[in-house]
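User: I am in my first year and would like a close look at a single part of this model. Could you take me slowly through the sheet and what packs on it?

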Amino acid sequence: MRRVSLVGWLWRWHRRGGLLVALFVLFMTVSGIALNHAPDLGLNRHFLGWRWLRDFYGEQAVERIGFAVGARWFTRGASGVLFLDRQRVAPCEGTLVGAAASGDMFVAACAEELLLLTAEGELIESLGRSSGLPAPLRGLATAHGAVLLAAPAGWMVLDTDAMSLESFGGSAAGIAPFAPGTPPATLRRTLERSDGWLSWERLLLDLHSGRLFGRAGIYVVDAAGLLFAMLALSGVSMWLFHHRRRGRRE
Amino acid sequence: MRALARGASWCRRAAVLLALCVSGLAAAEEYLGREQFLAEAFAGAQPEVKTLWLTSALKAQAEHALGLAPMALRVRYWRVGERTAWILEEIGKEQPITLGVVIEQHRIERVRVMAFRESRGWEIRHDFFTAQYRGLALERDGALSREVDGITGATLSVRAVNRAARLALWFDARTESGLAAR
């Protein structure tokens with residue numbers, strides 16, 4: 001009698017647990033298989049442009065700013081990539097703080113990285129903190145034909161051949177960093193679509209782990225995992241009892 | 001049925017807070033600056049700064065030989081005699097890793113992780129891993145002369161270091177002394 005009530009108890013909670021996590025199991029199975037084959041499925045190369053989802057991720061819906069150099073615009077996307085008009089140039093670490101022409105080249109300054117580009121937007125060389133850039137940079141200006149960068153120690157002159165910076169020996173009076181502006185609306189819309197950072201792989205990873213919903217989501221996934229374990233144990237227990245009972249009858 | 005209703009009621013009462021999950025980047029860790037790396041590489045001797053220009057033809061050769069297309073047009077390196085030092089950046093999973101590679105007589109003398117920006121895989125910066133690159137050369141097929149043991153959980157970071165090592169060796173072979181040796 002006691003064994004029957006124990007099996008009955010197991011069966012009831014096995015059923016309840018199974019119902020409770022059925023959807024989780026299905027979702028975890030599908031997302032797990034997809035993540036295992038993410039590169040083959042191209043999940044890391046396809047990006048989601050849904051505004052509401054990017055807002056949910058905390059992407060600041062700030063107006064895209066940039067720096068105009070002649071008729072061309074430098075902007076930096078949420079993915080950290082520098083754009084010259086619609087053209088993706090290269091990753092640029094830190095907030096975009098200025099851009100200017102230097103002879104037949106462009107100089108683009110982000111807070112933690114300096115990029116030297118050809119007139120066609122091809123990367124010539126970059127200089128980061130590890131390579132001696134006095135970061136964080138706060139702005140960029142031009143004076144007497146030279147490109148000046150606002151470093152923590154003050155204005156510095158850029159030598160584009162040596163990619164080195166030296167203290168600006170002249171008077172800093174009247175030197176002001178270039179101010180950012182707002183690119184044309186058509187360009188902003190195009191960049192919004194081109195600047196992908198939220199991939200399907202990222203979304204699936206965050207859903208699979210529960211991280212999309214913060215710490216509570218993680219705990220919910222943990223609880224589902226414990227329920228999976230309970231289902232396995234209760235299922236095996238019921239099989240054992242049934243197997244023994246059949247053995248005794250025989 | 002009663003149990004199911006109780007379970008559903010519990011789920012409804014459970015407080016699942018929909019907090020914003022900001023997928024922010026891990027803060028960069030800088031382990032070694034340029035001057036420190038060069039001082040180590042050349043034992044205090046003052047190296048000569050040189051540049052290697054990567055024409056379209058050279059980039060195509062690199063892609064053919066290594067399966068890698070360098071992004072920049074100009075690569076800076078430092079030289080004392082037969083020893084060259086390169087500072088390269090390679091993407092791990094999503095962020096660049098700054099790596100210093102020292103080459104002597106077309107073999108790697110040392111590899112150092114100068115800056116790491118990913119949230120995982122930082123184990124590559126330890127000597128137990130980077131010491132494997134000592135003495136490695138570039139084979140004709142563009143592979144390293146010996147396989148490097150990876151680190152579980154740092155696969156993409158390890159691949160980035162391998163790419164930087166191969167690129168540095170390939171660049172070194174195309175400097176003036178490299179071409180003269182060939």
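Analyst: What follows describes the sheet of chain B, then the helices that touch it, and then the confidence. This is a predicted model, in which local features need pLDDT of at least 70, side-chain atom pairs count only at pLDDT 80 or more, and totals for chains, interfaces and linings use all residues. Residues are numbered from 1 along each chain as its sequence is written, chains are lettered from A and ligands numbered from 1 in the order in which they are written, and side-chain values use heavy atoms, with hydrogens and water left out.

In chain B, six strands form an open sheet with antiparallel pairing, in the order 1-6-5-4-3-2; helices (H or I, at least four residues) and strands (E, at least two) are DSSP runs, numbered from the N terminus, and two strands pair if DSSP finds at least two bridges between them. Strand 1 (29-30) and strand 2 (48-53) of chain B each have a single partner strand, so one side of each has no neighbour in the sheet. Further in, strand 3 (residues 74-80) and strand 4 (residues 83-91) of chain B run antiparallel and are joined by four bridges, and Trp78(B) stands opposite Ala85(B) of strand 4.

Helix 2 (residues 34-41) of chain B packs on this sheet and touches strand 3, strand 4, strand 5 (96-104) and strand 6 (107-116) of chain B, where contact means heavy atoms within 4.5 Å. Helix 5 (residues 155-173) of chain B lies across strands 2, 3, 4, 5 and 6 of chain B, at about 140° to strand 4; axes are lines fitted to C-alpha atoms, for helices over the stretch in contact, and angles run from 0 to 180 degrees between N-to-C directions.

As for confidence, pLDDT is the predictor's confidence in each residue, from 0 to 100, and in chain B its mean is highest in strand 6, at 96, and lowest in helix 1 (residues 2-13), at 47.
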